[in-house]
Amino acid sequence: MDQSVAIQETLAEGEYCPQAVQGVLCEGDSRQSRLLGLVRYCLEHGGQEHALFLYTHRRMAITGDDVSLDQIVPVSRDFTLEEVSPDGELYILGSDVTVQLDTAELSLVFQLPFGSQTRMFLHEVARACPGFDSATRDPEFLWLSRYRCAKPELELPTPRGCNSVPGTWPGYATIGGGGSNFDGLRPNGKGLPVDQSSRGQDKPESLQPRQNKSKSEITGMVRSSTITVSDKAHILSMQKFGLRDTIVKSHLVQKEEDYTYIQNFRFFVGTYNVNGQSPKERLQPWLSDGVQAPDVYCVGFQELDLSKEAFFFHDTPKEEEWFKAVSEGLHPDAKYAKVKLIRLVGIMLLLYVKQEHAAYVSEVEAETVGTGIMGRMGNKGGVAIRFQFHNTSICVVNSHLAAHIEEYERRNQDYKDICSRMQFCQLKFLLNPVTFVLCPHSVILWLGDLNYRIEELDVEKVKKLIEEKDFQTLYAYDQVQMATLWTLYFSEKCRAPAWCDRILWKGKNITQLSYQSHMALKTSDHKPVSSVFDIGVRVVNDELYRKTLEEIVRSLDKMENANIPSVSLSKREFCFQNVKYMQLKVESFTIHNGQVPCHFEFINKPDEESYCKQWLNANPSRGFLLPDSDIEIELELFVNKTTATKLNSGEDKIEDILVLHLDRGKDYFLSVSGNYLPSCFGSPIHTLCYMREPILDLPLETISELLAYLAAYCFETQLVTKSLI
């Protein structure tokens with residue numbers, strides 16, 4: 001959702017918010033949600049000034065009433081906003097973007113979501129920076145005076161040139177410095193009280209500016225388990241695929257088996273309905289139960305926070321608590337990198353990979369779908385993360401469907417809504433978006449509290465069948481309506497014989513190694529469930545990939561060359577002899593087309609307004625040719641009173657070059673030459689009076705000298721006349 005609309009409602013006349021993004025303000029272990037809006041102000045003299053407005057918000061910002069101004073950071077000459085890499089964190093393409101905001105007196109760190117909204121926001125901020133052009137006047141930010149706190153003793157500071165504008169205006173809405181006590185945060189008087197605690201402004205030593213590194217350097221750094229610095233600026237500015245690139249990609253997909261091989265990777269998939277509780281015990285019995293460390297962790301939670309504040313507000317401390325608990329509970333025999341965290345109210349999904357696999361994870365995207373109250377709210381619904389692992393696309397979905405035994409139709413509808421509304425749009429195709437839905441992925445892992453029950457059997461019968469491990473009979477009475485789409489495995493909630501927490505999967509080359517609940521964990525009335533899979537992932541053989549790509553490119557080159565329009569011209573040089581005033585001369589030639597339909601057109605030469613001189617015309621000057629067809633082109637030469645003067649004087653000659661252009665083909669050059677017979681038509685009368693012979697008998701050099709002499713004489717005569725007056 002475009003939250004700049006909510007910011008715009010808080011602004012005064014003449015102020016405009018072109019871009020906004022929701023992020024997280026990071027200070028040590030503290031994480032606080034902020035809405036960042038770039039605000040532009042048009043000055044009276046025609047220039048522009050910009051400032052970054054930071055807002056707190058109670059929930060998703062829909063209107064101006066949902067946000068409260070927390071800080072204003074003028075975009076001055078000392079303002080910088082650059083991407084950084086947190087020390088010790090491994091960068092994964094598609095993970096959140098960490099940026100650092102610096103001014104002369106301020107340093108803040110934000111995490112922004114990876115996606116098109118962040119790309120556009122950073123692009124607009126970069127454009128807004130005034131730079132260091134000495135010819136450009138320093139921004140004064142006088143328009144920000146309306147946001148001054150109710151402290152009359154404070155004066156608007158006077159800028160002192162470059163690096164003199166403070167990071168935040170004294171007396172304005174600020175972060176730190178003892179907070180800000182003011183009555184109206186916005187010109188329209190709207191605003192909510194904000195608890196503004198003191199924050200340090202020292203630049204974090206653990207953050208280093210992003211450096212541009214090649215893909216091979218990044219891959220090497222990942223494999224050596226060192227800090228990986230992202231090159232997201234390159235990723236975010238990638239141009240859209242052209243037609244040729246799209247065809248190459250399509251052929252590579254079709255020939256995937258020629259340059260890839262199947263390699264098994266171990267996936268741990270876990271789901272846990274925590275019933276709104278904070279972690280009270282270590283999660284190793286659930287997450288590190290196996291002997292072998294998994295290559296990939298997919299961990300989902302439901303009912304992370306049951307409070308009404310979590311439903312209406314965007315933040316919940318439970319997110320950080322369970323994230324830390326999971327990170328500490330991962331298998332001790334391997335080092336892992338967090339790929340993505342996505343949460344919708346109480347539904348959260350975490351994705352980790354071993355550090356040595358990080359270089360092969362790409363195209364990461366996360367989405368949420370709410371199916372709760374009014375079919376849209378986030379108390380029920382699903383979250384998903386899709387990514388490319390080596391050359392295999394994988395989608396992981398964590399869902400919490402409608403409860404109660406009689407609501408199985410509602411659960412089916414929730415499932416259908418999640419499938420239809422869960423769409424991903426990769427940044428690499430940003431300018432020409434390609435939408436991914438669930439079905440096209442090679443592997444789909446679906447986990448969560450699905451709330452499907454067993455019906456038409458009494459409790460005692462169900463318990464007996466469970467004791468006898470007669471799951472096939474129970475399966476016949478299961479409410480799950482997705483059986484035709486998925487391979488199903490179940491776990492039992494201890495409080496009732498209902499298989500609510502489930503892990504489902506779909507795809508090829510998948511082997512389930514284990515599926516179990518973990519009864520030792522007692523935090524919730526649900527028990528965590530886990531399943532371990534060996535999933536065959538297509539891994540690229542670099543040498544075979546190179547050969548396949550070369551074959552595709554050669555094939556396309558051959559096809560393109562065969563489809564390049566080509567014509568033959570019956571004549572390319574044209575000579576018009578003894579051209580006379582007002583007498584039409586025509587020369588013609590034939591264009592014969594080859595086997596490819598084509599458009600042709602005479603085009604302008606560089607720095608010229610027309611494809612030919614005024615006295616010349618091609619008829620027709622453009623057209624379309626079918627394969628193996630012909631067309632006759634006539635070149636018409638006609639000198640009239642407009643063009644005769646320069647031809648008489650020798651300033652112009654019967655000389656020109658025509659450029660015949662074929663769409664998607666090459667250009668052909670036609671040479672036009674000839675001679676013009678001067679006449680009295682088009683010549684000045686005073687020039688003719690000085691001629692002792694017919695103009696046709698005079699050499700062009702003589703006519704030019706005579707014209708130059710008369711021009712100089714007329715100029716001197718005008719000077720004498722003016723002096724006498």
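Trainee: In which strand of this predicted model is Ser399 found?

Mentor: Ser399 is found in strand 15, which covers residues 392-400.

Trainee: Why is Ser399 called buried?

Mentor: Buried means under 20% relative accessible area. Ser399 has 0%, so the term applies.

Trainee: Which residues is Ser399 in contact with, leaving aside neighbours within four places in sequence?

Mentor: Among them are Gln302, Gly381, Gly382, Ile418 and Trp446. The list also includes Leu447, Gly448, Asp449 and Leu450.

Trainee: Why does Val586 count as partly exposed?

Mentor: Partly exposed lies between the cut-offs of 20% and 50%. Val586, in strand 25 (residues 585-593), has 41% relative accessibility and therefore counts as partly exposed.

Trainee: What makes Val586 eligible for a surface patch?

Mentor: A patch residue needs over 30% relative accessible area, and Val586 has 41%. Val586 forms a nonpolar patch with Met582, Leu584 and Phe638, with about 350 Å² of accessible area together.

Trainee: Why is Arg664 called exposed?

Mentor: Exposed means over 50%. Arg664 has 55% relative accessibility, so it counts as exposed. Arg664 is in the loop between strand 30 (655-662) and strand 31 (667-676).

Trainee: What is the phi of Arg664, and what is that of Asn578?

Mentor: Arg664 has a positive phi of about 65°. Phi of Asn578, which is found in strand 24 (residues 573-579), is near 50°. Neither Arg664 nor Asn578 is a glycine. Most residues other than glycine have a negative phi.

Trainee: How do you know that the peptide bond from Asn619 to Pro620 is cis?

Mentor: Its omega is near -5°. Pro620 lies in the loop between strand 27 (616-619) and strand 28 (622-625).

Definitions and conventions
Residues numbered from 1 in each chain as written. Predicted model: local features only at pLDDT ≥ 70, side-chain atom pairs only at ≥ 80, totals over all residues. Heavy atoms only, no water. Patch = residues over 30% accessible without salt bridge, like charges linked within 9 Å, V, L, I, M, F, W, Y side chains within 5 Å. Areas by Shrake-Rupley, 256 points an atom, 1.4 Å probe, with all protein chains shown as cover. Salt bridge = Lys/Arg side-chain N within 4 Å of Asp/Glu carboxyl O. Helix = DSSP H or I, 4+ residues; strand = E, 2+ residues; numbered from the N terminus. Buried < 20%, exposed > 50% of the residue type's maximum accessible area, 1.4 Å probe, protein only. Contact = heavy atoms within 4.5 Å.
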